[in-house]
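Student: Got a minute? I'd like to go through this one with you.
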There are 2 protein chains.
Amino acid sequence: MRELFAPLRTETAYQQVCELIEEKILGRALHPGDALPTETELARQFAVNRSTVREALRALESRGLVTRAPGSKRLRVARPAAAAVADGVSRALVLHQITFLQVWEAMMLLEPELAALAARRRSATQLAALEQTALALADEPALPAEEAVEHTVRFFSLLGEACGNHALEIAAEPLTRLLRPTLSRMIDEVPQARQRIAGAQRRLLAALGRRDAVQAREWMIKHIRDFRRGYELAGIALDARVETAAASR
Amino acid sequence: MRELFAPLRTETAYQQVCELIEEKILGRALHPGDALPTETELARQFAVNRSTVREALRALESRGLVTRAPGSKRLRVARPAAAAVADGVSRALVLHQITFLQVWEAMMLLEPELAALAARRRSATQLAALEQTALALADEPALPAEEAVEHTVRFFSLLGEACGNHALEIAAEPLTRLLRPTLSRMIDEVPQARQRIAGAQRRLLAALGRRDAVQAREWMIKHIRDFRRGYELAGIALDARVETAAASR
DNA sequence: ACTTCCATTTTGTCGGACAATCCGACCAAA
DNA sequence: TTTGGTCGGATTGTCCGACAAAATGGAAGT
């Protein structure tokens, strides 16, 4: 069954440069925060043109492996932030024509357990951050839909952080992100949505405060169920493709 | 609480080019499979230099939004393959110093439900593909560890496809990918590992064939538990950081 | 219809160039 | 000692032009 020869892949120079640097980063020869050599220096070391190095750097940048501190020139090694990774995943999901129903199903599976874990493991500061976000939503009943969505999404992100498992956090992040565009519509059309969300968050927080995993799970289930009901009330088709903010711009 | 000024962000030319093209893709103005204009043409339209366009293209390429067909020059619009996305996620997880235990916890949460869904939704061809992969592992008791790992990982990937939910598929894919390096060691050190894996796969397949979601879930739970036991037997520390293949090269 | 061959296009890489701006150091004033 | 100003060098972003290798498209031949 196995062929004599595998298709040989000739790598272009910028791909090699990219991979070599990536290996150094993943192999921890370069630590997050370290400054990369300058482009000219890299060009010298690899014995290629600076343009070639730049192309490699743009690829690495796009993977979140190197970033530049805001208002700085030099590139530094970074560990991809959850947000950056989530961007990539949600782009993919959009192009794969994910429906809201699929996102919902995945959230229904992940978030309750994630909430249960968070109940056990959350730190005091994480709880405080969650409370602050929830308050921002609950205190202002007339918040513009966009901002209400931001707070809702942020609540999920913080919960992800609090669950103490980066793998789960990063798996869950893209899902809430995909809710953003449609959630905004839903909140606009369903008057009671804000209160329902705020209410669920309050109960969830109470459970998290008591480190009550069972109740946290329960309330998250109800919370997620509510989303679906909200969508149905708003007349948003559940099998409609989710979009990104970028695409609707 | 809010500051008067937000940090202003000036976008460089290549970032703008990158974003503009990305928007067209995500907004479905460009469909997967479509050929992108040539670099010179893009440079003309954006009124920038070709080098600038190239940097943008490298970024898009790295995001999996455009790829080049093997042995072809022209870039085509693509939807990021699950594998490409998973690469990004697993890179991130490695740099976030994920432990095997966290990966295991996440898998324990996702995979059983994923198996249950697959039992309900798998197509005949998907089942056949799964069976083929399982056979490849079961038939050759003396397979090199590397290949046994490939088959094991592939089995999970196929199961992801079969679950009928791209969101879950893409969430689960990076996890199994992270098993690869250590799994290889485990299979080498624990003689009965191959049989345990093959056995679990066989039972799982039987359940999938009968569309028995409950049994599928059960066997998957046992399967995942087995992994942990295997690691313990092999003396691999559960809180050791997972690595990538690239990093260990 | 199927190959074969050639001219054209396109990409990958190179060299060099220049303005903008970031960095660090040095110095002056409060 | 801290704050603010100035200055030169280093680095990046962008441009221009060039060329070999490879892919593409089409014409020509069978």
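Tutor: Let's take the two protein chains, then the DNA.
This is a predicted model, where local features need pLDDT of at least 70, side-chain atom pairs count only at pLDDT 80 or more, and totals for chains, interfaces and linings use all residues. Residues are numbered from 1 along each chain as its sequence is written, chains are lettered from A and ligands numbered from 1 in the order in which they are written, and side-chain values use heavy atoms, with hydrogens and water left out.

Student: How many residues of chain B are in contact with chain A?
Tutor: 53 residues of chain B, and they meet 54 residues of chain A. Contact means heavy atoms within 4.5 Å.

Student: And how many salt bridges across that interface?
Tutor: The rule finds 10. It needs a side-chain nitrogen of Lys or Arg within 4 Å of a carboxyl oxygen of Asp or Glu. One of them joins A:Glu243 and B:Arg28, at 3.5 Å from N to O.

Student: OK, DNA now. Which residues are closest to DNA strand D?
Tutor: A:Arg54, A:Lys73, B:Ala13, B:Asn49 and B:Thr52, out of 19 that surround the strand. A residue is near if one of its heavy atoms lies within 4 Å.

Student: What part of strand D comes within 4 Å of the protein?
Tutor: Sugar and phosphate make up 63% of those atoms.

Student: How far is A:Arg54 from a phosphate oxygen?
Tutor: A polar side-chain atom of A:Arg54 lies 2.3 Å from one. For B:Thr52, a side-chain N or O atom is 2.7 Å from a phosphate oxygen of DNA strand D.

Methods. Polar contact = N/O pair within 3.5 Å; in protein donor to acceptor, adjacent residues only side chain to side chain.
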